[in-house]
Each structure stands twice: as C-alpha cells, then as structure tokens.
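Me: I should like to go through the assignments in this structure and ask what each rests on. Please set each value against its criterion.

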Amino acid sequence: MSMREAFDIFFENNNKSWRRTWGTLPRVPRCDKYRQSSLIVAENDKFDELEWLPKLQEKRIDFNSLEEDLEFRIHPQIKDFLSTYWFMPLEGKTDKIDNLVLHELLPQSQYELLKITKCYFNKKEYHYRNDGNYFLIGDFCCIDGNDSYMVHINNDTGEVFAVQNFDKISIKIANSIEELLGEMKGVWDM
C-alpha cells in the first residue's frame with residue numbers, strides 16, 4: 001500500500017468517526033496557529049473549534065540538503081509521510097493502542113519543513129535507544145491505560161515504536177507508517 005492510500009484510508013475512517021459521533025468534520029482547538037491554516041474549512045462556534053480537511057501536497061520535498069546535514073539517508077517512508085498530505089494532528093486508535101496523536105504537518109515552505117524534520121530526529125530526551133536514528137512522529141500514545149509513550153520511527157527499518165523513555169520501554173506497534181495509518185480507526189470508534 002502506498003503512503004497516499006494509507007492516508008486516504010485513515011482520513012475516510014476518521015471523517016466517518018467524527019460525523020457519526022458529532023455530525024462534523026474533524027476539529028482542532030481554535031487558536032491562531034490553526035485558524036490561519038488553509039486546511040480550515042469551517043469555524044464551529046458550538047464547540048469553539050475549527051473543522052479541517054487534509055490537503056494533498058502539490059510537490060515533493062527535496063531532502064538532499066537535510067540528509068547532508070544529518071549525515072545519513074532518511075528512510076523513504078518518512079520522506080513519503082512528510083511529502084504526501086498537509087494535515088492537522090492525527091488522532092486515532094488501533095486494536096493494540098488505546099489512543100495516539102501524530103504531529104500535525106501544516107502547509108509551509110520546504111525550508112520550514114526541513115527545519116522541523118531535523119528537530120524531530122534523534123531527540124535523546126525522548127528516546128533512550130542509541131542503536132540507530134529515530135524520528136519522533138507523535139508525542140502521545142496510550143497503551144493499556146499508560147499514556148506516557150511517544151511514537152518513533154526507526155530510520156533504518158521504517159518500523160514504528162511506542163517509546164517510554166523514562167522506564168526504557170519500546171513496543172513495536174507497526175511494521176511501517178503505512179501499516180499504522182491503515183490500521184488506525186477514528187478516535188471516536190469503539
């Protein structure tokens with residue numbers, strides 16, 4: 001499955017979940033950062049939130065300069081994830097995960113995207129392992145009632161892990177980003 005197909009599956013599931021539960025599109029808090037985004041399609045006064053839809057990116061991001069700076073190649077999956085859609089935070093769950101939130105990817109310049117991408121690689125304060133390069137894709141993941149996990153991608157293998165840095169726990173939650181997105185249900189689904 002391609003990254004776009006995986007995103008499309010998730011967006012369809014997520015939109016259905018929101019419509020079924022709230023009668024709206026997915027919503028985010030009303031704040032300047034989100035309000036000015038081209039992803040916003042409606043302001044929902046009832047909930048004081050903003051409704052949004054993803055937007056397909058029009059051109060691929062060139063990661064060559066970032067790879068030179070990092071001194072390693074970025075896994076193709078991570079590049080695809082960052083080059084397919086613009087979106088607000090992605091919240092959902094799977095059969096193994098009670099809830100998880102992946103970072104938003106708001107429309108921006110290539111320079112800004114590369115700067116943010118560099119920031120999310122190898123954050124030692126967020127990942128205890130040093131057996132390779134890891135990309136932080138999400139700040140929140142709840143497994144078996146424990147919500148102290150973050151979501152990382154192993155840059156060598158493309159595998160997705162829930163990582164609890166303090167207790168040095170790493171749980172593989174998907175073989176790929178595509179698999180994770182394809183398995184994610186909307187946050188309001190049982």
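Me: Which residue in S7 is the bridge partner of glycine 92?

Reply: The model is a predicted one. In it, glycine 92 has leucine 100 as its bridge partner in S7.

Me: What makes strand S6 and strand S7 a pair?

Reply: A pair requires at least two bridges between the strands. Strand S6 (residues 90–93) and strand S7 (residues 99–102) are joined by three bridges in the antiparallel sense, so the criterion is met. The two form a hairpin, with five residues between them.

Me: How do you know that S6 also pairs with strand S12?

Reply: The same cut-off of at least two bridges applies. S6 and strand S12 (residues 185–186) have two bridges and run in the antiparallel sense, so they count as paired. Glycine 92 takes part here as well: its bridge partner in S12 is glycine 186.

Me: Why is asparagine 14 called buried?

Reply: Buried means under 20% relative accessible area. Asparagine 14 has 4%, and is therefore buried. The residue lies in helix H1. Apart from neighbours within four places in sequence, its contacts are Pro26, Glu91, Gly186 and Val187.

Me: Why is H1 described as oblique to H4?

Reply: The axes of helix H1 (residues 3–22) and helix H4 (residues 76–84) cross at roughly 55° and come within 9 Å. H1 is therefore oblique to H4, because angles under 35 degrees count as roughly parallel and 65 to 115 as roughly perpendicular, and this crossing falls in neither range. The crossing of H1 past H4 is right-handed.

Me: Which residues of H1 and H4 meet?

Reply: From H1 they are Met3, Arg4 and Phe7, and from H4 they are Gln77, Asp80, Phe81 and Thr84. By class, three residues of this contact are nonpolar, two are polar and two are charged.

Me: What makes H4 largely enclosed by the rest of the structure?

Reply: The statement rests on a count: seven of the nine residues of H4 are buried, so the helix is largely enclosed. Those residues are Gln77, Ile78, Lys79, Phe81, Leu82, Ser83 and Thr84.

Me: Why is glutamate 71 counted as exposed?

Reply: Exposed means over 50% relative accessible area. Glutamate 71 has 72%, and is therefore exposed. It is found in the loop between helix H3 (64–70) and H4.

Me: What is noted about phi of glutamate 71?

Reply: Phi of glutamate 71 is near 65°, a positive value in a residue other than glycine. Most residues other than glycine have a negative phi.

Me: How do you know that lysine 168 counts as exposed?

Reply: The relative accessibility of lysine 168 is 57%, and the cut-off for exposed is over 50%, so the term applies. Lysine 168 lies in the loop between strand S10 (160–164) and strand S11 (169–174). Its phi is near 55°, a positive value in a residue other than glycine.

Me: How many residues lie between S10 and S11 in their hairpin?

Reply: There are four residues between S10 and S11, and lysine 168 is in that turn. The two strands run antiparallel and are joined by five bridges. Alanine 162 has isoleucine 171 as its bridge partner in S11.

Me: Why is S10 said to be largely enclosed?

Reply: Five of the five residues of S10 are buried, so the strand is largely enclosed by the rest of the structure. In a regular strand the side chains alternate between the two faces of the sheet. In S10, Val160, Ala162 and Gln164 point one way and Phe161 and Val163 the other way, and all are buried.

Me: What makes strand S9 a partner of S10?

Reply: Four bridges join strand S9 (residues 146–154) to S10, and the two run antiparallel; the cut-off is at least two bridges, so they pair. Isoleucine 153 stands opposite valine 160 in S10. S9 and S10 form a hairpin with five residues between them, and glycine 158 in the turn has a positive phi of about 80°.

Me: Why do strands S1 and S2 stand at the edges of their sheet?

Reply: Three strands form this open sheet in the order S1-S3-S2, with antiparallel pairing. Strand S1 (27–29) and strand S2 (40–44) each have a single partner strand, so one side of each is left without a neighbour in the sheet. Neighbouring strands are turned by 35° against each other on average, direction ignored. Three bridges join S1 to strand S3 (residues 49–52), and arginine 27 stands opposite glutamate 51 in S3.

Methods. Residues are numbered from 1 along each chain as its sequence is written. This is a predicted model: local features need pLDDT of at least 70, side-chain atom pairs count only at pLDDT 80 or more; totals for chains, interfaces and linings use all residues. Side-chain values use heavy atoms; hydrogens and water are left out. Axes are lines fitted to C-alpha atoms, for helices over the stretch in contact, and angles run from 0 to 180 degrees between N-to-C directions. Angles under 35 degrees count as roughly parallel, over 145 as roughly antiparallel, 65 to 115 as roughly perpendicular and the rest as oblique. A crossing is left-handed if the near helix is turned anticlockwise from the far one by less than a right angle, and right-handed if clockwise. Contact means heavy atoms within 4.5 Å. Ala, Val, Leu, Ile, Met, Phe, Trp, Tyr, Cys and Pro count as nonpolar, Asp, Glu, Lys and Arg as charged, and the others, Gly among them, as polar. Buried means under 20% relative accessible area, exposed over 50%, partly exposed in between (1.4 Å probe, protein chains only).
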